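Open the model in your viewer and have the selection tool ready. Each stop below says what to select and what to look for there.

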Amino acid sequence: MSELKNQIRADLKEAMKAKEKERTGTIRMLLAAIQTAETEGTKHEVTDEDVLKIIAREIKKRRESAEIYATNGRQELADAELAEAAVLEGYQPKQLDDDEVAALVQDAVAEVGATSMKDMGAVMKVANALAAGRADGKRLSAAVKAALS
């Protein structure tokens, strides 16, 4: 079983004992997403890498929902979504800062030998592999566009 999944389950028990309602709910939703991934298609045990991808996907959902709520004047719902995203971020590896993202993108551009925006897809593929969940896709995309233009 995945070490990260075990840690998440232990954190759920801890949150339940501490009666942390929001954290308990968020962790339960994360475990449900992991269980869904395990049972889709062929049944398989998820790895730590799979769990990190699931966490990144769930954080992205929360941020997008918060943005929509905020633009529609529902700030209390946006705050709740951002609070859930903050709980989930605790399970991600340390995120890269802007300078580290720019350096990573330069390495990816050099590796691919990219010269124009036509090469963006290939650069993004390499950059995503180099980032390994330590940078958001939007940040990577913006850095790649800046490097190629």
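Select V123 in this predicted model. Leaving aside neighbours within four places in sequence, V123 is in contact with A108, V109, V112, A114, V144 and L148. Colour those residues to see what surrounds V123.

Now widen the selection to the core. V123 is one of the residues with the most contacts inside the largest nonpolar core, and the others named with it are V101, V105, L140, V144 and L148. This core has 18 residues. Three helices, α5 (98-112), α6 (120-131) and α7 (137-148), each supply at least two of its residues. Which of them gives the most? That is α6, with six residues.

Apart from this core lies another one, of 17 residues. Select I54, I55, L88 and Y91, which are among them.

**Helix α6**

Return to α6 and select the whole helix, which has 12 residues. From its first C-alpha to its last, α6 reaches 16 Å, close to the 16 Å expected at 1.5 Å a residue. Which residues of α6 are buried? They are M120, V123, M124, V126, A127 and A131. Look at how these positions are spaced along the helix. An α-helix has 3.6 residues a turn, so residues three or four places apart point the same way. What covers the buried residues of α6 includes α5 and α7. Step past the end of α6 and you come to A132, whose phi is positive, near 50 degrees. Most residues other than glycine have a negative phi.

**The largest pocket**

Keep A132 selected and add A56, Q92, G133 and A135: of the residues lining the largest pocket, these five lie nearest its centre. The pocket holds about 520 Å³ of space, and its lining has 20 residues. The elements that give two or more residues to the lining are α3 (48-71), α6 and α7. The largest share, eight residues, comes from α3. Colour the lining by class to find eight nonpolar, five polar and seven charged residues.

**R57 and E84**

Go to helix α3 and select R57, which is found there. Is R57 buried, exposed or partly exposed? With a relative accessible area of 42%, R57 is partly exposed, because that value falls between the limits of 20% for buried and 50% for exposed. Draw a distance from the C-alpha of R57 to that of A33: the two atoms are separated by 9.8 Å, although the residues are 24 apart along the chain.

Next select E84, which is found in helix α4. Why does E84 count as buried? Its relative accessibility is 19%, and buried means under 20%, so E84 counts as buried. Leaving aside neighbours within four places in sequence, E84 is in contact with T26, M29 and R62.

**Helix α2**

T26 leads to the next stop, as it is one of the buried residues of α2. Select residues 21-39 to show this helix of 19 residues. The reach of α2 from first C-alpha to last is 27 Å, close to the 27 Å expected at 1.5 Å a residue. Its buried residues are T24, T26, I27, L30, L31, A33, I34, A37 and E38. Show α1 (3-17), α3 and α4 (75-89) as well, since the buried residues of α2 pack against them. After α2 comes G41, whose phi is positive, near 60 degrees.

Now move back to the loop between α1 and α2, where K19 lies. K19 is not a glycine, yet it has a positive phi of about 55 degrees. Is K19 buried or exposed? K19 is exposed, with a relative accessible area of 73%.

**The whole chain**

Clear the selection and zoom out. How many helices and strands does the chain have? It has seven helices and zero strands, and along the sequence the pattern reads α-α-α-α-α-α-α. Along the principal axes, the C-alpha atoms fill a box of roughly 55 × 40 × 30 Å. Of the 149 residues, 34% count as buried. Among contacts with a separation of 6 or more, 60% are between residues 24 or more positions apart.

Technical notes
Residues are numbered from 1 along each chain as its sequence is written. This is a predicted model: local features need pLDDT of at least 70, side-chain atom pairs count only at pLDDT 80 or more; totals for chains, interfaces and linings use all residues. Side-chain values use heavy atoms; hydrogens and water are left out. A nonpolar core is a set of buried Ala, Val, Leu, Ile, Met, Phe, Trp, Tyr and Cys residues joined through side-chain atoms within 4.5 Å. Buried means under 20% relative accessible area, exposed over 50%, partly exposed in between (1.4 Å probe, protein chains only). Helices (H or I, at least four residues) and strands (E, at least two) are DSSP runs, numbered from the N terminus. Contact means heavy atoms within 4.5 Å. The expected span of a helix is 1.5 Å times one less than its number of residues. On a 1 Å grid over the protein atoms alone, a cavity is a set of points where a 1.4 Å probe fits but cannot get out, and a pocket is an open set with protein on both sides within 12 Å along at least five of seven lines; lining residues have an atom within 4 Å of a point. Grid points are joined across faces, edges and corners, and a volume is the space filled by probe spheres set on the points. Ala, Val, Leu, Ile, Met, Phe, Trp, Tyr, Cys and Pro count as nonpolar, Asp, Glu, Lys and Arg as charged, and the others, Gly among them, as polar.
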